[in-house]
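This report describes selected helices, polar contacts, salt bridges and a surface patch, taken in turn. The sequence and structure come first.

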Amino acid sequence: MDRILLAHGSGGRLMHTLIEECFAPAFDLGQLCDCAILNTAAGRLAFTTDSFVVSPLFFDGGDIGTLAVNGTVNDLSVSGAKPLYLSAGFIIEEGFLVSHLAKIVQSMSKAAAVAGIKIVTGDTKVVEKGKADGIFINTSGIGLLPEGIDISPVKIKTSDVVIISGGIGNHGACIMAGRNGLSFTPPLKSDTRALNALVKEMLLCTKNIHFMRDPTRGGVATTLKEAATASGLCIKIKEQCLPIENQVRGLCDLLGLDPLYIANEGILIAIVNACDAPGLLEKMNRHPDGSNAAIIGEVLPAPSGVVILETAQGGKRIIEMLTNDQLPRIC
């Protein structure tokens, strides 16, 4: 393949191949997680960056500004870090409405205040009409890792359990419904939110969290496949335990999509010791950002690197990474 495809940006198999074959040999990317962990004289820092190109720019539950702040806060949070500072870079197309830019910037300000993080630097470029699609935003974030926090997929162990913090597929389904002019009662809303407050409560309950990730592009399926591959273990999840809102399920049935591969912007997956799971789940359920948290599966010794879905009918299905982009420009 000699040209970049939309699927190279989906967060699935083609993106992983691109990172492993093009970027990783040239850069110092470490474990290929959402954050780089940097050892400094002042302590361990988490550093991350992300770009946001969502279409439409405004949707139920948020806009590109809230996504940009919450997405970067969450990448820092699931590494166990306390998010501190953000940068914001804007690429704006000539002719873009100043009123829309002001609305997006206000959204970013509010989202940063909710997350308790400061946007301290940035950059603006304007390109000719037709050279972009309204506005693109890049945010980078830096956070501080407390002592004793070491979250890594290589720490996943047999008999660990898999916890998800809320309903899956809401963000992707909301974007998809908006593009297709579909409406639901009650309306489908993006789940975009900052997860740092929930993660803080989780780490107060137990520091023994082996894996944590927010399943954005590529969905829950791709994130679990990444965890299984990195740990060399098998992850089995149960379909009947997956929290899926009726509107999301209905949209997926209508369009023939699998909610396991739909993007999320406000939930996390944690893999923890089975002994810690009941207390942690109770703590999460008491938090507004984890009230629908549920145990959805377990870690088995074999087959290595495989994710298995146990269906509601008792059958078994192998879950792979997303191979094609179900919906581009999702975040």
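A residue is called buried when its relative accessible area is under 20%, exposed when that area is over 50%, and partly exposed in between. The coordinates discussed here belong to a predicted model.

**Salt bridges**

Because arginine 329 has a relative accessibility of 27%, it counts as partly exposed. Arginine 329 forms a salt bridge with aspartate 133, in which the closest N and O atoms are 3.1 Å apart. This pair links distant parts of the chain, since arginine 329 sits in the segment after β14 (316-319) and aspartate 133 in the loop between β6 (118-127) and β7 (135-145), 196 residues apart. Aspartate 133 is likewise partly exposed, with a relative accessible area of 38%. The count of salt bridges comes to ten, and the table gives three, including the pair just described.

| Pair | Closest N and O atoms | Separation in sequence |
|---|---|---|
| Arginine 329 and aspartate 133 | 3.1 Å | 196 residues |
| Lysine 283 and glutamate 201 | 3.8 Å | 82 residues |
| Glutamate 310 and lysine 236 | 3.5 Å | 74 residues |

Lysine 283 forms a salt bridge with glutamate 201, and this pair links helix α8 (residues 277-285), which holds the lysine, to helix α5 (residues 196-205), which holds the glutamate. Lysine 283 is partly exposed at a relative accessible area of 26%, and glutamate 201, with 26% relative accessibility, also counts as partly exposed.

Glutamate 310 forms a salt bridge with lysine 236, the glutamate lying in strand β13 (residues 307-310) and the lysine in strand β10 (residues 234-238). Lysine 236 has 15% relative accessibility and therefore counts as buried. Salt bridges that share partners join Lys236, Glu298 and Glu310 into one network.

**Helices α2 and α6**

Helix α2 (residues 64-77) has 14 residues, which at 1.5 Å a residue should span 20 Å, and this agrees with the 20 Å between its end C-alpha atoms. Of these residues, 14 of the 14 are buried, so α2 is largely enclosed by the rest of the structure. The N-terminal end of α2 is capped by aspartate 63, a side-chain oxygen of which lies 2.8 Å from the backbone nitrogen of glycine 65.

Helix α6 (residues 219-231) has 13 residues and reaches 19 Å from its first C-alpha to its last, close to the expected 18 Å. Eleven of the 13 residues of α6 are buried, so this helix too is largely enclosed by the rest of the structure; among them are Gly219, Val220, Lys225, Glu226 and Ser231. Glycine 232, which follows α6, has a positive phi, near 75°.

**Asparagine 264**

Asparagine 264 lies in the loop between α7 (246-255) and β11 (269-272) and is buried, with a relative accessible area of 1%. Its side chain reaches the backbone nitrogen of glycine 169 at 2.5 Å and the backbone oxygen of isoleucine 262 at 3.2 Å. Residues up to four places away in sequence being left out, asparagine 264 touches several others, including Gly169, His171, Asp191, Gly219 and Val220; Gly219 and Val220 are also buried residues of α6.

**A nonpolar surface patch**

Phe23, Phe27, Leu29 and Leu32 make a nonpolar surface patch of about 340 Å². Phenylalanine 23 lies in helix α1 and is partly exposed, with a relative accessible area of 34%, while leucine 29 lies in the loop between α1 (13-23) and β1 (36-40) and is partly exposed at 35%. Phenylalanine 23 touches Leu18 and Leu29, not counting residues up to four places away in sequence.

Methods. Residues are numbered from 1 along each chain as its sequence is written. This is a predicted model: local features need pLDDT of at least 70, side-chain atom pairs count only at pLDDT 80 or more; totals for chains, interfaces and linings use all residues. Side-chain values use heavy atoms; hydrogens and water are left out. Helices (H or I, at least four residues) and strands (E, at least two) are DSSP runs, numbered from the N terminus. The expected span of a helix is 1.5 Å times one less than its number of residues. Buried means under 20% relative accessible area, exposed over 50%, partly exposed in between (1.4 Å probe, protein chains only). A polar contact is a pair of N or O atoms within 3.5 Å; within protein, one must be able to donate a hydrogen and the other to accept it, and residues adjacent in sequence count only if both atoms are side-chain atoms. Patches are made of residues with over 30% relative accessible area and no salt bridge: like charges are joined within 9 Å, nonpolar side chains (Val, Leu, Ile, Met, Phe, Trp, Tyr) within 5 Å. Accessible areas come from the Shrake-Rupley method with a 1.4 Å probe; for residues, only the protein chains shown count as cover. A salt bridge is a side-chain nitrogen of Lys or Arg within 4 Å of a carboxyl oxygen of Asp or Glu. Contact means heavy atoms within 4.5 Å.
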